[in-house]
Each structure stands twice: as C-alpha cells, then as structure tokens.
Amino acid sequence: MASLQTSTTTAADVMNRNVVTLDARASLHDAMQIMTEHHVSGVPVVDQQDQCIGVISTSDVVSFIEADLEALESEIVRTENWFNPETQKWEESVFSSELLGEYDAVPVSDVMTSNPLTALPTQSIANVARLMKSRGIHRVFVVDEEKRLQGVISAFDFVQLVAGN
C-alpha cells in the first residue's frame, strides 16, 4: 500500500486486488453466503465479460428482506453477528433456513444497486476520497476503460493509508 501522498497516489496504488465477486446470475442466497463467509458488507456484481455492473450490499439485502419480515414473525428466526471492518462495528443479520431457501430463486440482479461508483486505476486517491464522501459511499470499484473490475477501495483502506499500514 502507498504512503500518504494524495496528490500522486492513485487508485491502483491503494486498491485491494483480491476481490470476491458475484456473477449477475447468482442468487440472493449465494450473495448472503459470500458476504457471511468473507466477512464483507458488499460484493461487486460482474457480467460474463467481468464488467462491474452492480454491487450488492448488506443494506440492499436488508431492504429487500424487510418486505418479508412480517411473514417471518411466526417462525423461528436466527440472527448472526459479524464484524463489519468498514464501520468498525458488530452488525446483525436476520437468517432462517426457510428464508435462505426462499432466496435461492431471487437473482442478485433484482436486489443489487446498478451502476456502482467506479474509478479508473490512474485516478488520484484524493479524487476518489472526495467522490466517496460526497456520495456517502463506503467502497469504490476500480475498473479499466472497458469497466472490467481491477480492484476495490473501501473506507477502511483510507484508514490504513493514513495510519501508515
């Protein structure tokens, strides 16, 4: 990771290249499993050409599931706690076997946020930070000119940058 020189540091210098992705044809169940297994709060959604076409976040999942919570009141619901490195807080997600099974048929593309905030690898990290702040976004996906995913920059990456790794 680069040292703190925002005028010369680029997105490519700071981005995490080991990014877990979801295919647009994956199910909501798959997305929930991936986020839980990898302890991430958002996953980029890519098409068959590896172009970043969306992002599915815990907020997207919770918003989608909230519509079904009334139906879940009569069944036993299990919650799972996990540490969100972006917010530095423990968070809770609602799960049940019936709920997870129900979402096998829901495609990620129905739940994801389309057209996520992206940056080019050559973009200055100062510009990326301004974009994230102005839009209230916790992550930016770094893509090439063809929108193929190259990496991700999260708010926590800025903490590491300022702290000197």
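Aspartate 60 has a relative accessibility of 14% and therefore counts as buried, the cut-off being under 20%. The model in which this residue is described is a predicted one. Aspartate 60 is part of helix α3, and, leaving aside residues up to four places away in sequence, its contacts are with Val55, Val111, Met112 and Thr113. One of these partners, methionine 112, stands 52 residues from aspartate 60 along the chain, yet the two C-alpha atoms are 6.4 Å apart.

**Overall composition**

The protein is built from 8 helices and 9 strands. It has 165 residues, of which 43% count as buried. Among contacts with a sequence separation of 6 or more, 58% join residues that are 24 or more positions apart. The exposed area of the protein comes to about 9,200 Å², and 49% of that area is supplied by carbon and sulfur atoms.

**The largest nonpolar core and helix α2**

The largest nonpolar core consists of 18 residues, and those with the most contacts inside it are Leu22, Leu28, Ile56, Val61 and Val108. At least two residues of this core come from each of α2 (28-38), β2 (42-46), α3 (58-66) and α6 (108-111), with α2 giving the largest share, at 5 residues. Apart from this core lies another, made of 15 residues, including Ala11, Ala12, Val140 and Ile153.

Leucine 22 illustrates how the larger core is connected, for its contacts, not counting residues up to four places away in sequence, are Asp30, Ala31, Ile34, Val43, Pro44, Val45, Val46, Ile56 and Val108. Within α2 itself, the residues that are buried are Leu28, His29, Ala31, Met32, Ile34 and Met35. In an α-helix there are 3.6 residues a turn, so residues three or four places apart point the same way. After α2 comes histidine 39, which has a positive phi near 55 degrees.

**Two helix pairs**

The axes of α2 and α3 approach to within 11 Å and cross at roughly 135 degrees. That angle makes α2 oblique to α3, and the crossing by which α2 passes α3 is left-handed. On the α2 side the meeting residues are Leu28, Met32 and Met35, while α3 contributes Thr58, Val61, Phe64 and Ile65.

Helix α7 (residues 125-135) and helix α8 (residues 155-163) form another packed pair, at an angle of about 135 degrees and with axes 11 Å apart. That makes α7 oblique to α8, and α7 likewise passes α8 in a left-handed crossing. Ile125, Val128, Ala129 and Met132 of α7 make this contact with Ala155, Phe158 and Leu161 of α8.

**Surroundings of α7**

In α7 the buried residues are Ile125, Ala126, Val128, Leu131 and Met132. The elements that cover them include α1 (11-14), β7, β8 (139-143), β9 (149-154) and α8. Ahead of this helix, in the loop between β7 and α7, lies glutamine 123, which counts as buried because its relative accessibility is 17%, under the 20% cut-off. Its contacts, again without residues up to four places away in sequence, are Thr9, Thr10, Ala11, Val128 and Leu131. Just after α7, glycine 136 adopts a positive phi of about 65 degrees.

**Loop residues with positive phi**

Aspartate 50 and asparagine 115 are non-glycine residues for which positive phi values are found. The table sets out their backbone values, loops and relative accessible areas.

| Residue | Phi | Loop | Relative accessible area |
|---|---|---|---|
| Aspartate 50 | about 65 degrees | between β2 and β3 (52-57) | 48% |
| Asparagine 115 | near 50 degrees | between β6 (113-114) and β7 (118-119) | 72% |

With a relative accessible area of 48%, aspartate 50 is partly exposed, since that value lies between the cut-offs of 20% and 50%. Asparagine 115, at 72%, is exposed, because exposure is assigned over 50%.

Terms used: Residues are numbered from 1 along each chain as its sequence is written. This is a predicted model: local features need pLDDT of at least 70, side-chain atom pairs count only at pLDDT 80 or more; totals for chains, interfaces and linings use all residues. Side-chain values use heavy atoms; hydrogens and water are left out. A nonpolar core is a set of buried Ala, Val, Leu, Ile, Met, Phe, Trp, Tyr and Cys residues joined through side-chain atoms within 4.5 Å. Buried means under 20% relative accessible area, exposed over 50%, partly exposed in between (1.4 Å probe, protein chains only). Helices (H or I, at least four residues) and strands (E, at least two) are DSSP runs, numbered from the N terminus. Contact means heavy atoms within 4.5 Å. Accessible areas come from the Shrake-Rupley method with a 1.4 Å probe; for residues, only the protein chains shown count as cover. Axes are lines fitted to C-alpha atoms, for helices over the stretch in contact, and angles run from 0 to 180 degrees between N-to-C directions. Angles under 35 degrees count as roughly parallel, over 145 as roughly antiparallel, 65 to 115 as roughly perpendicular and the rest as oblique. A crossing is left-handed if the near helix is turned anticlockwise from the far one by less than a right angle, and right-handed if clockwise.
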